[in-house]
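Hi everyone, thanks for coming. Today I'd like to walk you through one protein model, so please have a look at it before I start talking.

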Amino acid sequence: MMSGHGGAQVQGWAAMRSFRRDSSITEQSLPKGIVKRVASFAKPYRFQLAVFLFLIVVGAVMGAANPLILRAIIDDGIGRHDAGLVVVLALFVGGLAVASALISLLQRWISARIGEGLIYDMRSKVFEHVSTMPIAFFTRTQTGALVSRLNNDVLGAQQAFTDTFQSVVGNLVTVAVTLGAMFLLSWQITLVSLALVPIFVVPARFVGRKLAVLTRESYGLNAEMNNTMTERFNVSGALLVKLFGNPSAETSEFSTRAGRVRDIGVTTSMYGAYFMTGLLLTASIATAIVYGWGGVQAAHGIILVGTVVALTAYLNRLYGPLTSLSNVQVDVMTALVSFDRVFEVLDLTPMIDEQPGAIDIPGGQAGVEFDRVSFSYPRADEVSLASLETVAVLDQAPSQQVLFDVSFVAEPGQMVALVGPSGAGKTTISHLVPRLYDVRAGAVRINGVDLREATFESLRRTVGVVTQDAHLFHETIRANLLYAKPDASETELREALAAAQILPLVDSLPEGLETVVGDRGYRLSGGEKQRIAIARLLLKAPAVVVLDEATAHLDSESEVAVQEALGRALAGRTSIVIAHRLSTVRQADMILVVNEGRIVERGTHDELLDAGGLYAELYRTQFQPQELSVAP
């Protein structure tokens, strides 16, 4: 066991960490029943917690026994010249030290088991729950805020069962046992020693408030620096800085923030030094009082020398825990707030969920039906949390209606094209097919099954999507392909790549399928990424394919290759294709012209040109300048 000022110093650092926490957190209102909910969350660990609590109490009691043994060695052993008793008691002190070390190791092992178990449970639950959120949730929330819930808040909640629990219970037991022993030894000296506590705690609270402000500012500056690095160090951000940025200004701004963090670090260290110096000075003054007053009493035979030594030893165990307990409300509230922030995410109900008794969409070729569909995007308060958007209150204003009474049928094997001006609602229609959103009125059906009544598994199996900016994970080509079909064989992978017109390129790479594509696939060109995405789609082999401007950003050569790949991908499948380049949808079985959320025209390419409506106008806009430019 630690003794002297070394033990007081360790306890002092623990107390200072407590005082650095933001005391304003105690002003927050927590939901009713949160303590009960936290207890239920810890239910699987109740046996380990009971053992942990028992070990904390035993360790505190064993530590409190040392000064009494020291007193007996001095008064009963040395004072009475009983060498045998001195040896026995010394061996007992050694045995207590060994037992205390073993208990400390066991306590740490159980603490780690509980803490890491809670981290695993909470992270898994939060990750699983967030994964069920609709796409509207991710379009609003900040990725950094979500990551913070999985890291900082989960760790903060875990500390409630390890650091905070151990600190509060251990300090309570230590203070209770220590004060009890001191009062038994000399209640007068004990009261004088306690009178010095406010002399230290009051200034310590002032220092603690300063530390909390500095810590909060440091966290904010570090978050800003991390955000700056995250944005500038990814491929897109680095490219933007290279093309439009001012590197010297970027460096200067970052250096200013880093310099402020440096200054805060220096100031925090000095406040910490003041805190520790004050604690050790108070303990030293108290020790001087005990030695002075106790020594005088011992000289007059009122108390024994061993009692004076024991009281001094107890003082070194008293001030650190007492100081920590004076801030226990902040410690407990900090832990509970972290739990509340985790529960806040877990309590957010997904707007799109699988209904009880959901049915599978029948396999085989599939037809898609839009039946009088109306749609408006969900409000912020329907899909998100204010704390995940770093705003005070979420916007509750109703969003404008985007689709009005949209009806059409894509028969099995047909290609239906969606064309129209930007913002007309084409992408919104495509988002409703894989049920990224739910309709506000009407229904979307595949093979006669309302998507709101279909199982997620059958819907994901039936519908495949290729967007204009195909996303690839920062993994190998093989891993990106296996995301669609984890059990795909080598032959299936190569056949999919061949059908997507990308196999020769993959074979030409030094590492072939094991080539890492880079962040968001930036090591590949746009056309190569699209063909990898098409190969992934072919592996999935869906009955319905949605193409959202799959060739919009490609050069002519890449577009030809992707169009050939798409031709194979769409063969025999029902497809809904969004295209601004009308040349790509001339062969569609049906073209739907969308404008201001309504289908204003429908028919084949020739029929719509003959009608002379919006489609014909869009077509002339795209092709008439070309025809004029090549005219003799």
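Let me begin with a term we'll need: two strands count as a pair if DSSP finds at least two bridges between them. Keep in mind, too, that what you see here is a predicted model.

With that term in hand, take strand β3, residues 415-419: 4 bridges join β3 to β9, and the two strands run parallel. As an example, V416 stands opposite M590 in β9. For the newcomers, strands of a sheet pair through backbone hydrogen bonds, either parallel or antiparallel.

Now let's step back to the whole chain. It has 23 helices and 10 strands. Of its 632 residues, 45% are buried. The accessible surface comes to about 31700 Å², and carbon and sulfur atoms hold 59% of that. If we take the contacts with a separation of 6 or more, 81% of them are between residues 24 or more positions apart.

Back to β3 and β9, then. Which sheet do they belong to? They sit in an open sheet of 6 strands, in the order β6-β7-β8-β3-β9-β10, with mixed pairing. At its edges stand β6 (463-466) and β10 (598-603); each has a single partner strand, so one side of each is left without a neighbour in the sheet. On average, neighbouring strands here are turned by 20° against each other, direction ignored.

A helix comes in at this point as well. Helix α20, residues 526-540, packs on the sheet and touches β6 and β7 (544-548). The direction of α20 makes about 175° with that of β6.

Let's look at β9 from its other side. Strand β9 covers residues 590-595, and 5 bridges join it to β10, this time antiparallel. One bridge pairs V593 with E601 in β10. Between the two strands of this hairpin there are 2 residues, and in that hairpin E596 takes a positive phi near 55°. And how many residues of β9 are buried? The count is 5 of the 6, so β9 is largely enclosed by the rest of the structure.

What lies inside? The largest nonpolar core has 42 residues, and L481, L497, I532 and Y615 touch the most other members. Helix α20 gives the most to this core, with 6 residues. So we meet α20 twice: packing on the sheet and contributing to the core. Y615 is a nice one to click on. Leaving aside residues up to four places away in sequence, Y615 touches V419, L582, I591, V593, E601, H605, L608 and L609. You'll recognise V593 and E601 there, the bridge partners from a moment ago. Another core, of 38 residues, lies apart from this one; its members include V38, V154, V345 and L346.

On to the second sheet. Here 4 strands form an open sheet in the order β2-β1-β4-β5, and the pairing is antiparallel. The edges belong to β2 (401-410) and β5, each with a single partner strand, so one side of each is left without a neighbour in the sheet. Between β4 and β5 there are 2 bridges, and one of them matches I446 with V449 in β5.

Now, a bit of backbone background. Most residues other than glycine have a negative phi. N447 has a positive phi of about 50° although it is not a glycine. Where is N447? Its place is in the loop between β4 (441-446) and β5 (449-450). N447 is partly exposed, with a relative accessible area of 26%.

H81 also has a positive phi, of about 55°, and is not a glycine either. You'll find H81 in the loop between α3 (46-78) and α4 (83-131). Is H81 buried or exposed? With a relative accessible area of 74%, H81 is exposed.

One last stop, for those who like helices. In α8, residues 187-195, the residues I189, T190 and S193 are buried. Looking down the axis of α8, you see its buried residues fall within an arc of 100°, so they line one face of the helix.

That's my tour. Thanks for listening, and do ask me anything!

Methods:
Residues are numbered from 1 along each chain as its sequence is written. This is a predicted model: local features need pLDDT of at least 70, side-chain atom pairs count only at pLDDT 80 or more; totals for chains, interfaces and linings use all residues. Side-chain values use heavy atoms; hydrogens and water are left out. Axes are lines fitted to C-alpha atoms, for helices over the stretch in contact, and angles run from 0 to 180 degrees between N-to-C directions. Contact means heavy atoms within 4.5 Å. Buried means under 20% relative accessible area, exposed over 50%, partly exposed in between (1.4 Å probe, protein chains only). Accessible areas come from the Shrake-Rupley method with a 1.4 Å probe; for residues, only the protein chains shown count as cover. The arc is that of the directions from the helix axis to the C-beta atoms. A nonpolar core is a set of buried Ala, Val, Leu, Ile, Met, Phe, Trp, Tyr and Cys residues joined through side-chain atoms within 4.5 Å.
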